[in-house]
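User: Please give me a close look at a single part of this model. Which residues line the second largest pocket? Then set the pocket in the context of the chain.

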Amino acid sequence: MNLAGKRAVVTGGGRGIGRAVCLALAAAGADVVVNYSGSAAAAEQVAADCRALGVRAFAHRADVSDPQQANELVDAAMKEFGGVDILVNNAGITRDGLLLRMSDADFDAVLSINLAGAFHCMRAACRPMMKQRFGRIINISSVVGLRGNAGQANYAASKAGLIGMSKSVAKELAGRGITVNCVAPGFIRTAMTDGLTDAVKQKLLGEIPAARLGEAEEVAAAVAFFAGEEAGYLTGQVLCVDGGMAM
Ligand code: NDP
């Protein structure tokens with residue numbers, strides 16, 4: 001994969017899957033804006049690690065649920081790099097609970113970061129991408145968006161919503177050289193899954209043909225694939241990186 005000269009924005013790039021995506025894109029030669037909302041030190045470290053790979057990189061704080069901050073994130077990439085070629089909407093949270101007990105606040109928080117956040121960033125980035133007549137947008141969905149999961153009505157809605165939104169935007173932008181795809185991870189070893197109890201982890205392992213959790217780097221490899229020039233005829237797709245869980 002050669003991404004030399006490409007300029008990427010990765011939301012939630014300071015840790016977990018986002019961190020692995022930043023490093024994979026940088027290793028392939030792309031300049032990277034490492035977005036974060038709270039993890040400043042971690043994001044600065046990822047940016048430094050990217051620069052050590054020989055690319056330009058900097059950390060930028062923005063809460064993607066705020067449209068103004070999402071605009072400023074893309075503006076920062078434009079100012080420093082002169083363009084945006086790759087947008088990875090990775091920022092995401094969970095606020096799990098059964099439907100009967102799920103609060104409005106928990107529903108809204110998940111939708112506003114996971115779904116509206118991606119909308120804000122895509123809307124901001126598509127303008128420069130349309131001018132360039134080139135763009136790669138990769139949205140991190142989840143197998144939960146395809147299959148549902150008890151206790152995650154809000155999260156599943158956000159991740160299924162990302163798929164419908166990505167396909168719609170893919171149709172709008174295909175003629176401009178911009179592709180929009182989703183990567184749908186299964187259960188990946190990060191802070192998000194570290195909190196699961198051993199009993200839940202054992203139950204999950206039983207549902208995964210590969211019989212193990214995935215690694216963030218395995219998700220990042222799929223993202224880098226979609227980001228490449230070579231993937232230009234692929235759009236509106238959902239690629240599951242899940243050890244066979246959702247097939
Ligand atoms: P983590 O909890 O490890 O990381 C979440 C990331 O999202 C952090 O970098 C965090 O940044 C960022 N973030 C949260 N809120 C905001 C916000 N308002 N604005 C900007 N950034 C924000 O999660 P993972 O790495 O595991 O998950 C990454 C993505 O992959 C998520 O979208 C998740 O839903 C998805 N996913 C994960 C799976 C898994 O098994 N781990 C499975 C399927 C999908 P900060 O710390 O700075 O707030």
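Analyst: Helices and strands here are DSSP runs, with at least four residues for a helix and at least two for a strand, numbered from the N terminus. The model is predicted.

Start with the pocket. The second largest pocket holds about 160 Å³ of space. Its lining consists of Phe119, Met122, Arg123, Cys126, Met165, Val169, Glu172 and Leu173. Two elements give two or more residues each to this lining: helix H4 (104-132) and helix H6 (153-173). By class, six lining residues are nonpolar and two are charged, with no polar ones. Rolling a probe the size of a water molecule over the atoms shows where empty space is left.

Now follow the chain out of H4. Arg133 sits in the loop between H4 and strand S5 (135-140). Its phi is positive, about 55 degrees, although Arg133 is not a glycine. Most residues other than glycine have a negative phi. Ala211 also has a positive phi, near 60 degrees, and is likewise a residue other than glycine. Ala211 is found in the loop between helix H8 (198-207) and helix H9 (216-227).

Next, the whole chain. The secondary structure comes to nine helices and seven strands. The radius of gyration is 17 Å, close to the 18 Å that the globule rule gives for 247 residues, so the chain is as compact as a globular protein of that length. Along the principal axes, the C-alpha atoms fill a box of roughly 50 × 35 × 35 Å.

Charge pairing comes next. Side chains of opposite charge can pair when their charged atoms come close. The structure holds eight salt bridges. One of them joins the side chains of Arg7 and Asp85, at 2.8 Å from N to O. This pair links distant parts of the chain, 78 residues apart: Arg7 is in strand S1, and Asp85 is in the loop between helix H3 (67-81) and strand S4 (86-89).

Last, the surface. Met1, Phe225 and Leu239 form a nonpolar patch there. Together they have about 260 Å² of accessible area. Met1 belongs to the segment before strand S1 (7-10).

Conventions: Residues are numbered from 1 along each chain as its sequence is written. This is a predicted model: local features need pLDDT of at least 70, side-chain atom pairs count only at pLDDT 80 or more; totals for chains, interfaces and linings use all residues. Side-chain values use heavy atoms; hydrogens and water are left out. Patches are made of residues with over 30% relative accessible area and no salt bridge: like charges are joined within 9 Å, nonpolar side chains (Val, Leu, Ile, Met, Phe, Trp, Tyr) within 5 Å. Accessible areas come from the Shrake-Rupley method with a 1.4 Å probe; for residues, only the protein chains shown count as cover. A salt bridge is a side-chain nitrogen of Lys or Arg within 4 Å of a carboxyl oxygen of Asp or Glu. On a 1 Å grid over the protein atoms alone, a cavity is a set of points where a 1.4 Å probe fits but cannot get out, and a pocket is an open set with protein on both sides within 12 Å along at least five of seven lines; lining residues have an atom within 4 Å of a point. Grid points are joined across faces, edges and corners, and a volume is the space filled by probe spheres set on the points. Ala, Val, Leu, Ile, Met, Phe, Trp, Tyr, Cys and Pro count as nonpolar, Asp, Glu, Lys and Arg as charged, and the others, Gly among them, as polar. The radius of gyration is taken over C-alpha atoms; the globule rule is 2.2 Å times the number of residues to the power 0.38.
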